[in-house]
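The following paragraphs walk through part of a structure. Please have the sequence and the coordinates open while reading.

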Amino acid sequence: MTTPETISATLRSNALFAPLSDSELRAVAARAVLKGFTAGELLFSEGEACTGLHVIVSGKVRIFKSSRTGREQVLAIEGPGASIAELPVFDGGTFPASASTVESSEIIFLSRKDFQAACLENPELALKVLQVVGRRLRRLVGIIEELSFTTLRQRLISWLLREAKSRGQRSGAGLVLDLGVTHQEIASQIGTVRELVSRNMARLQAQGLIQANGAEITIPNTSALEAEQAAEI
């Protein structure tokens, strides 16, 4: 069971609330509500009025945009300690994207009114919001650049390398990555469709650049895969 102390500790781990004193943090935590979500549950949908700020205690949340045809582009996957929807809380606009849980999650909710009151009481909190929003903007610019100026093959290789370096394990055969997601989810993250992800995975395997065993991918030589990515430019 999550306690008020756990809520305070989670808020403390978030960049927005880190500058607050213990008493200020407890005052914010007292206004917060802890909510439980099952896997795949929506926190909010794009276009809805923003009601408040979300901070992840446990689990993972995907932020995504949807087209009229139902195709999705994943903008980010956030984990424990991350905050969601800082900008619409500030500007009073609607949610610019949708958010749903990747797995069972516990999430702190702080209403827009309470968060704005906390910002008025603690100017450093407002400055932190600007920093966080700035980092998100840089990340979105990177996504736009990647979708606009790279090939699907480059984006897939980039995704594999990034994930493998982040959470892969070294073995005698190379760098081993448990995908942890379906080809459909990878497609949503790199701006394509599942069939093209599967086709390009098969081509990389045929070239010996990766080895696939179910959901486990082994990269025998990361330098060779990086060179293949560069050759596509």
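In this predicted model, helices α4 and α5 are roughly perpendicular to each other. Their axes cross at roughly 115° and come within 4 Å; angles of 65 to 115 degrees count as roughly perpendicular, so the description applies to this pair. On the α4 side the contact is made by Phe115, Ala118, Cys119, Leu120 and Glu121, which meet Pro123, Leu125, Ala126 and Val129 of α5. Sorted by class, the residues of this contact are eight nonpolar, no polar and one charged.

Phe115 leads from this helix pair to the core. Neighbours within four places in sequence aside, Phe115 is in contact with Leu125 and Val129, and also with Leu16, Phe17, Leu53, Val89 and Leu110. Phe115 is also among the residues with the most contacts inside the largest nonpolar core, together with Leu11, Leu16, Phe17, Leu43, Val61 and Ile84. That core has 37 residues. Two or more of its residues come from each of the helices α1 (4-13), α2 (22-31), α4 (112-121) and α5 (123-149), and likewise from each of the strands β2 (42-44), β3 (52-58), β4 (61-66) and β8 (105-111). Apart from this core lies another, of 21 residues, including Leu152, Ala164, Ile210 and Ile219. In soluble globular proteins, nonpolar side chains tend to be buried together.

A backbone detail remains. Ala85 sits in the loop between β6 (83-84) and α3 (86-91). Although Ala85 is not a glycine, it has a positive phi of about 75°. Is Ala85 buried or exposed? Its relative accessibility is 12%, and buried means under 20%, so Ala85 counts as buried.

Methods: Residues numbered from 1 in each chain as written. Predicted model: local features only at pLDDT ≥ 70, side-chain atom pairs only at ≥ 80, totals over all residues. Heavy atoms only, no water. Core = buried A, V, L, I, M, F, W, Y, C linked by side-chain atoms within 4.5 Å. Buried < 20%, exposed > 50% of the residue type's maximum accessible area, 1.4 Å probe, protein only. Contact = heavy atoms within 4.5 Å. Axes fitted to C-alpha atoms, helices over the stretch in contact; angles between N-to-C directions. Parallel < 35°, antiparallel > 145°, perpendicular 65-115°, else oblique. Nonpolar A, V, L, I, M, F, W, Y, C, P; charged D, E, K, R; others polar.
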